[in-house]
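Trainee: I've got a model open and I'd like to learn how to read it feature by feature. Can you walk me through it?

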Amino acid sequence: MNLSTRAVLAIGGVFLGCCSGVVFLEHLVKLDPGAGNLITAVQFAFIALEGFIFTSRFGLANRVISLRDYALLVAMFFLTSVCNNYVFEFNVPMTLHMIIRGGSLISNMCLGTMILKRRYRLSQYISVVMISVGIFICTYFSSLDLDGKKEEVDGTAEADIFWWLVGVLLLVLALFVSSYMGITQELLYRRHGKCAREALYYTHLLPLPAFLLMQENIQTHWRMAFAGVSYQLPLLGFAVPLILLYLLGNVLAQHLCISSVYTLTTECSSLTVTLILTLRKFISLVFSIIYFRNPFTLYHWLGTLLVFVGTLMFADVIRVPQGKTQAVKQD
């Protein structure tokens, strides 16, 4: 497989940006689990500002896709971004967060079958069953771990399990909305051609007014950042809130990550993109377990193995014997 220089740089950007972004995010939620809306708002504002300068050229560039066509895409992207960052408020651990989000093939297959009338190979159905079982195992044993901890601390396990379950359901909702967003994006690209940079810009710019609805929550956690732990900057001689340093690191890493993924989709096949993103998620998961010492039992490893092997089977990297029934090509 011959890769262009742009593709190689995009792959490096995916691993550097996405992996480091997860590390900064985990540092943030350990300091302030409720900072999800603040994190999302800053990410959106930064990417919108960068897009206004370099993509929109200060509003002078012509749009390829109309604002009306962007409306549904923007609403779904905003919902999934807020949900994915807000679930940490409900004690969802980062490891489980990554595993559930790694199950996007389940929602992709369900919606692809219902909306696009796609057909899938037997191996792909088997792989989705494996992914589903893997996510169930990880979710179930994470709930047991949470239950035991809370009973030991203050006996409020039952109420805490309820809110933890709310967080898990929000992640699942975001998973399906994200898959539907991918289908909507695919249909838009079919009509207008690929315009990834424009889509990146407008999906971050147009939702910004919606953050006014979360103004009080965002201001609260902004003040908490300044009231929290500070870090003395070497050579400069003054201290800054540690959360703001992690937030800056997360925003820059997230921008590199998402820009690299968008570039990768225009330079490589969908199979190559799937493999790279799967490997990136696995590296992030292992790093989170080792560096942050997150609880991870043998059952969690079993569930993780099922999720990632299932993903590789779906992408045809791991092949199983199958009949003569042919499926349509997966985009």
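Mentor: Sure. Keep in mind that this is a predicted model. Let's start with burial in helix α2: Gly 36, Asn 37, Leu 38, Ile 39, Thr 40, Ala 41, Gln 43, Phe 44, Ile 47, Ala 48, Glu 50 and Gly 51 are buried there.

Trainee: What do the buried residues of α2 pack against?

Mentor: Their partners are α1 (5–31), α3 (67–86), α8 (196–205), α9 (215–227) and α10 (242–267).

Trainee: How far apart should the ends of α2 be, given its 19 residues?

Mentor: At 1.5 Å a residue, helix α2 (residues 36–54) should span 27 Å. The C-alpha atoms at its ends are 27 Å apart, so the expectation and the model agree.

Trainee: And how do I describe two helices that pack together?

Mentor: You give the angle between their axes and the distance between the axes. For α2 and α9, the angle is about 100° and the axes are 8 Å apart. That makes α2 roughly perpendicular to α9, since 65 to 115 degrees counts as roughly perpendicular.

Trainee: Which residues make that contact?

Mentor: From α2 you have Asn 37, Leu 38 and Ala 41, and from α9 Asn 217, Ile 218, His 221 and Trp 222. Sorted by class, the contact of α2 with α9 has four nonpolar residues, three polar ones and no charged ones.

Trainee: Is there a rule for which helix residues point the same way?

Mentor: An α-helix has 3.6 residues a turn, so residues three or four places apart point the same way. Keep that in mind as you look down a helix axis.

Trainee: Let's try α8. How many of its ten residues are buried?

Mentor: Eight, so α8 is mostly covered. The buried ones are Ala 196, Glu 198, Ala 199, Leu 200, Tyr 201, Tyr 202, Thr 203 and His 204.

Trainee: Can we zoom in on one of those? What does Thr 203 touch beyond its sequence neighbours?

Mentor: Not counting residues up to four places away in sequence, Thr 203 touches Phe 44, Leu 73, Val 74 and Phe 77. Its relative accessible area is 3%, so Thr 203 is buried. The side chain of Thr 203 also reaches the backbone oxygen of Ala 199, at 2.6 Å.

Trainee: Now α3. Is Asn 85 buried or exposed?

Mentor: Asn 85, which sits in helix α3, is buried at a relative accessible area of 9%. Leaving out residues up to four places away in sequence, Asn 85 touches Leu 25, Gly 36, Ile 39, Thr 40 and Gln 43. Also compare sequence with space: Asn 85 and Ala 35 are 50 residues apart along the sequence and 8.1 Å apart from C-alpha to C-alpha.

Trainee: What is the C-alpha separation of Leu 31 and Leu 212?

Mentor: Those two are 181 residues apart along the chain, and their C-alpha atoms are separated by 24 Å. Leu 31 is in helix α1 and is partly exposed, with a relative accessible area of 40%. Setting aside neighbours within four places in sequence, Leu 31 is in contact with Leu 242, Ile 243 and Tyr 246.

Trainee: Give me another buried position to check.

Mentor: Go to His 97, in helix α4 (residues 94–101). His 97 counts as buried at 3% relative accessibility. Apart from neighbours within four places in sequence, His 97 is in contact with Asn 84, Val 87, Phe 88, Val 92 and Leu 171. The C-alpha atoms of His 97 and Val 87 are separated by 8.5 Å, with their positions ten residues apart along the chain.

Mentor: Thr 311 in helix α12 (residues 298–314) is another: it is buried, with a relative accessible area of 6%. Thr 311 touches Gly 102, Leu 105, Ile 131, Thr 274 and Thr 278, not counting residues up to four places away in sequence.

Trainee: What about backbone angles?

Mentor: Most residues other than glycine have a negative phi. Here, Phe 58 has a positive phi of about 60° although it is not a glycine. Phe 58 lies in the loop between α2 and α3 and is exposed, with a relative accessible area of 55%.

Trainee: Where does Leu 235 lie?

Mentor: In the loop between β1 (230–232) and β2 (239–241). Leu 235 also has a positive phi, about 75°, without being a glycine. At a relative accessible area of 92%, Leu 235 is exposed.

Notes. Residues are numbered from 1 along each chain as its sequence is written. This is a predicted model: local features need pLDDT of at least 70, side-chain atom pairs count only at pLDDT 80 or more; totals for chains, interfaces and linings use all residues. Side-chain values use heavy atoms; hydrogens and water are left out. Helices (H or I, at least four residues) and strands (E, at least two) are DSSP runs, numbered from the N terminus. The expected span of a helix is 1.5 Å times one less than its number of residues. Buried means under 20% relative accessible area, exposed over 50%, partly exposed in between (1.4 Å probe, protein chains only). Contact means heavy atoms within 4.5 Å. A polar contact is a pair of N or O atoms within 3.5 Å; within protein, one must be able to donate a hydrogen and the other to accept it, and residues adjacent in sequence count only if both atoms are side-chain atoms. Axes are lines fitted to C-alpha atoms, for helices over the stretch in contact, and angles run from 0 to 180 degrees between N-to-C directions. Angles under 35 degrees count as roughly parallel, over 145 as roughly antiparallel, 65 to 115 as roughly perpendicular and the rest as oblique. Ala, Val, Leu, Ile, Met, Phe, Trp, Tyr, Cys and Pro count as nonpolar, Asp, Glu, Lys and Arg as charged, and the others, Gly among them, as polar.
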